Amino acid sequence: METPVAQNNSKLAPEKWVDNYADYLYSYAISRISKEEEARDLVQETFLSALKAKDNFKGEASEKTWLVSILKRKVIDLYRKNAVRKETSFEESESYKVAYGHYFTEEGFIPGEWQKQTAPKQWNGGNATNIEQNEFRKILAFCLDKLPKSWSAVFSMKHMEEESSSTICKELNITPSNYWVIIHRAKLQMRECLEKNWFKA
Amino acid sequence: MSSEEKHIHYFANSIGWNLCCKQATYLLLKKEELKKLSFKEEAAMKFHITICKFCRAFKKHSAIMNRMISETVLAAETKMNEPEKNKLKLLINSNLNKN
């Protein structure tokens, strides 16, 4: 039976949202947030915000695109909230922060060359098949979790949301030079973690 | 770094053209996103990566990571379980009836 659509907007059908989009939105959230509970909450909040804003829906985008844009905003807000929270637990976040000296020499013949123990090694398995992708996602989440929160916010916004550096700097309130240092250090740390846990030869 | 590489490195340093691995990887990531650097930075970075096997590996790994992460994000297909969906349906319906 066809459910009648919402009265004041012929293009939205909230009573079908869960059947039509819950899985899609949940997948979107879990691939970016990786914590099931948080992902579920974001989907719920997305539907509630959408209901509140349904009179503003102009029908310019499809219902699905519109819902995804609301969810995307919530994902970014969560990254931002996590990034800011580090200031209240500064020491905890400091302990996650692997020093540059872990990767590059600070003195010697040529300062700034790779340390022997952490220099890039040969990688195996640079192509995850679909079956492995869930496993890879878990390792990725594990490694992201070991970054300081503000770094994982920057890293996720860049690599998962594929936002530009200028957007990320604005959203997370960081300077461009700070941004590049975070990108560098987060990449070093993620590379090392993935090497140990996924690409080990 | 082999002793031969060290000599090349030392020579390049003496003419102000080489970078250390730390600088080279930093610039490499900047280039990945911005697509361009200043002429001098780009020349020095490329030169360094040509002669340094670890930085070459880093460049390769960085590209693999970028690709695998975006593929993983795009391919995510996780179903929400039915009880959760039912809760959401009830929530939506009760909100709809309020209006």
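## Close-up views of a predicted two-chain model

**View 1. Helix H1 of chain A and helix H5 of chain B are oblique to each other, because their angle falls in none of the parallel, antiparallel or perpendicular ranges.** Please keep in mind that this is a predicted model. The two partners here are H1(A), residues 17-33, and H5(B), residues 82-98, which pack at an angle of about 130°. Their axes lie 10 Å apart, and the crossing of H1(A) and H5(B) is right-handed. On the chain A side, the contact is made by A:Trp17, A:Val18 and A:Ala22 of H1(A). Facing them from H5(B) are B:Lys85, B:Leu88, B:Lys89 and B:Ile92. Sorted by class, this contact of H1(A) with H5(B) has five nonpolar and two charged residues, with no polar ones.

**View 2. Chain A touches chain B through 45 of its residues, which meet 40 residues of chain B.** If you would like to trace where the chain A side comes from, four helices each supply at least two residues: H1, H2 (36-52), H5 (130-145) and H8 (176-197). H1(A) gives the largest share of this side, with nine residues. By class, the side of chain A that touches chain B has 26 nonpolar residues, along with ten polar and nine charged ones.

**View 3. Chain A on its own is built from eight helices and zero strands.** Following the sequence from start to end, you will read the pattern α-α-α-α-α-α-α-α. Chain A has 201 residues, and 37% of them count as buried. Take the contacts in chain A between residues at least 6 apart in sequence: 64% of these join residues at least 24 apart.

**View 4. Helix H2 of chain B packs against helices from both chains.** H2(B) covers residues 21-34, a run of 14 residues. From its first C-alpha to its last, H2(B) reaches 20 Å, close to the 20 Å expected at 1.5 Å a residue. Its buried residues are B:Cys21, B:Lys22, B:Ala24, B:Thr25, B:Tyr26, B:Leu27, B:Leu28 and B:Lys30. These buried residues of H2(B) pack against H8 of chain A, and also against H3 (39-51) and H4 (53-75) of chain B.

**View 5. Just after H2(B) comes B:Lys35, a residue with a positive phi.** For anyone checking backbone torsions, the phi of B:Lys35 is about 70°. The helix before it, H2(B), spans residues 21-34.

Key:
Residues are numbered from 1 along each chain as its sequence is written. Chains are lettered from A and ligands numbered from 1 in the order in which they are written. This is a predicted model: local features need pLDDT of at least 70, side-chain atom pairs count only at pLDDT 80 or more; totals for chains, interfaces and linings use all residues. Axes are lines fitted to C-alpha atoms, for helices over the stretch in contact, and angles run from 0 to 180 degrees between N-to-C directions. Angles under 35 degrees count as roughly parallel, over 145 as roughly antiparallel, 65 to 115 as roughly perpendicular and the rest as oblique. A crossing is left-handed if the near helix is turned anticlockwise from the far one by less than a right angle, and right-handed if clockwise. Two residues are in contact if their C-beta atoms, placed from the backbone, lie within 7 Å. Ala, Val, Leu, Ile, Met, Phe, Trp, Tyr, Cys and Pro count as nonpolar, Asp, Glu, Lys and Arg as charged, and the others, Gly among them, as polar. A residue is buried if 20 or more other C-beta atoms lie within 10 Å of its own, exposed if 12 or fewer, and partly exposed in between; C-beta atoms are placed from the backbone. The expected span of a helix is 1.5 Å times one less than its number of residues.
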